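Me: I would like to go through this model and its contacts with DNA. Please show the sequence and structure before we start.

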There are 2 protein chains.
Amino acid sequence: MSLCQLSYFVAVAEEAHLSRAALRLNISQPPLTRQIRNLEEELGMQLFERTPLGMRLLPPGAKLLAEAKSILSQVKNIPQLLRASPAPGLALDADNL
Amino acid sequence: MSLCQLSYFVAVAEEAHLSRAALRLNISQPPLTRQIRNLEEELGMQLFERTPLGMRLLPPGAKLLAEAKSILSQVKNIPQLLRASPAPGLALDADNL
DNA sequence: TCAAATTACGGTCGACGTAAGGATC
DNA sequence: GATCCTTACGTCGACCGTAATTTGA
C-alpha cells in the first residue's frame, strides 16, 4: 500500500470513472487499472463494482474513501505542521519510548 | 513523500541510530541515509542533528515523529476497518460475492 | 583505531505509456 | 459502432546492496 495508490483510489472513487480519474491524475488508464486492482488484491476484497458505465464504489470502498482522504490530508498538512511551532515553549521531551 | 519513508524515519527517530534502525528495518544503512536525506530535502528542513554518536531528533523531527506514527497506525488498521462493518448506515446483504 | 554516517556504483523491481483486446449498450 | 475497462509489452526511473570514503572520539 502506498500514498500514490490511495490518491489514485480517491480519484477513481470520486469520479466513479476510470478514464476521467486518469485525466484528473494526468496518467493513462492502464496504470490506474493496475493500481486499483493491486490495492484490491492487497486488501483481499473488491472496492469497486465494474459496470459498463464506470466504477461503482462498494461499501468497503466507501469506508476506504473516507480513510484515504483523511490520511492524504494529514500527509499534505505535514509541512505546515512542521513550520507551525518548532518549539512550543513547553518542555517537549522526546522521552516517550 | 511515501509511507516507506515515514517508516524509515520513525525507526531512525526511535533508535536515534542509523545502523540500529537499519537492522530493525532489515535493510542496509546507505538506503536509509538517502531516504532520510530525501525526506529532509523534500520538507526543506533538517529533521536530525548528525553527531558522531548517532542521529539526534530536532524539534521539527519530533513533531513529524508523532504525525508519522499516527499516519502509519491509521494505514495499518485499514484492513480491520474495512472488515469491521461493511456498510455504515446501509443495510445490505453481506454475501455480495 | 573504532564507530558512525555518507557517497559511488551496478543490479533489480516496480510504474508508466502505447497498442491491442473483450464486454456492454 | 462507441465507450468503458483490461491485458500485453517495452522503457524508464527509483530503491537496494556491496564497497569505498570521510569525520570525529
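Me: Which elements each supply at least two residues of the surface near DNA strand C?

Reply: This is a predicted model, in which local features need pLDDT of at least 70, side-chain atom pairs count only at pLDDT 80 or more, and totals for chains, interfaces and linings use all residues. Residues are numbered from 1 along each chain as its sequence is written, chains are lettered from A and ligands numbered from 1 in the order written, and side-chain values use heavy atoms, leaving out hydrogens and water. Helices (H or I, at least four residues) and strands (E, at least two) are DSSP runs numbered from the N terminus, and near means that a heavy atom of the residue lies within 4 Å. On that basis the elements are α3 (29-43) of chain A and, from chain B, α2 (18-25), α3 (29-43) and β2 (54-57).

Me: Which element gives the largest share of the surface near DNA strand C?

Reply: The surface residues divide into 9 nonpolar, 8 polar and 2 charged. Here Ala, Val, Leu, Ile, Met, Phe, Trp, Tyr, Cys and Pro count as nonpolar, Asp, Glu, Lys and Arg as charged, and the others, Gly among them, as polar. The largest share, 4 residues, comes from α3(B).

Me: What distance separates a polar side-chain atom of B:Arg50 from a phosphate oxygen of DNA strand C?

Reply: B:Arg50 is among the residues that come nearest to DNA strand C. Sugar and phosphate account for 82% of the atoms of this strand that come within 4 Å of the protein. A polar backbone atom of B:Leu18 is 2.6 Å from a phosphate oxygen of the strand, and a polar side-chain atom of B:Thr33 is 3.1 Å from one. For B:Arg50, the distance from a polar side-chain atom to a phosphate oxygen is 2.7 Å.

Me: Where does the largest share of the surface near DNA strand D come from?

Reply: 18 residues surround DNA strand D, and A:Arg50 and B:Ser28 are among the closest. A polar side-chain atom of A:Arg50 lies 2.6 Å from a phosphate oxygen of the strand, while a backbone N or O atom of B:Ser28 lies 3.0 Å from one. The largest share of the surface, 4 residues, comes from α3(A).

Me: How many residues does the hairpin between β1(A) and β2(A) run through?

Reply: Two strands pair if DSSP finds at least two bridges between them. β1 (residues 48-51) and β2 (residues 54-57) of chain A run antiparallel and are joined by 4 bridges. A:Thr51 stands opposite A:Gly54 in β2(A). The hairpin joins β1(A) to β2(A) through 2 residues.

Methods. Polar contact = N/O pair within 3.5 Å; in protein donor to acceptor, adjacent residues only side chain to side chain.
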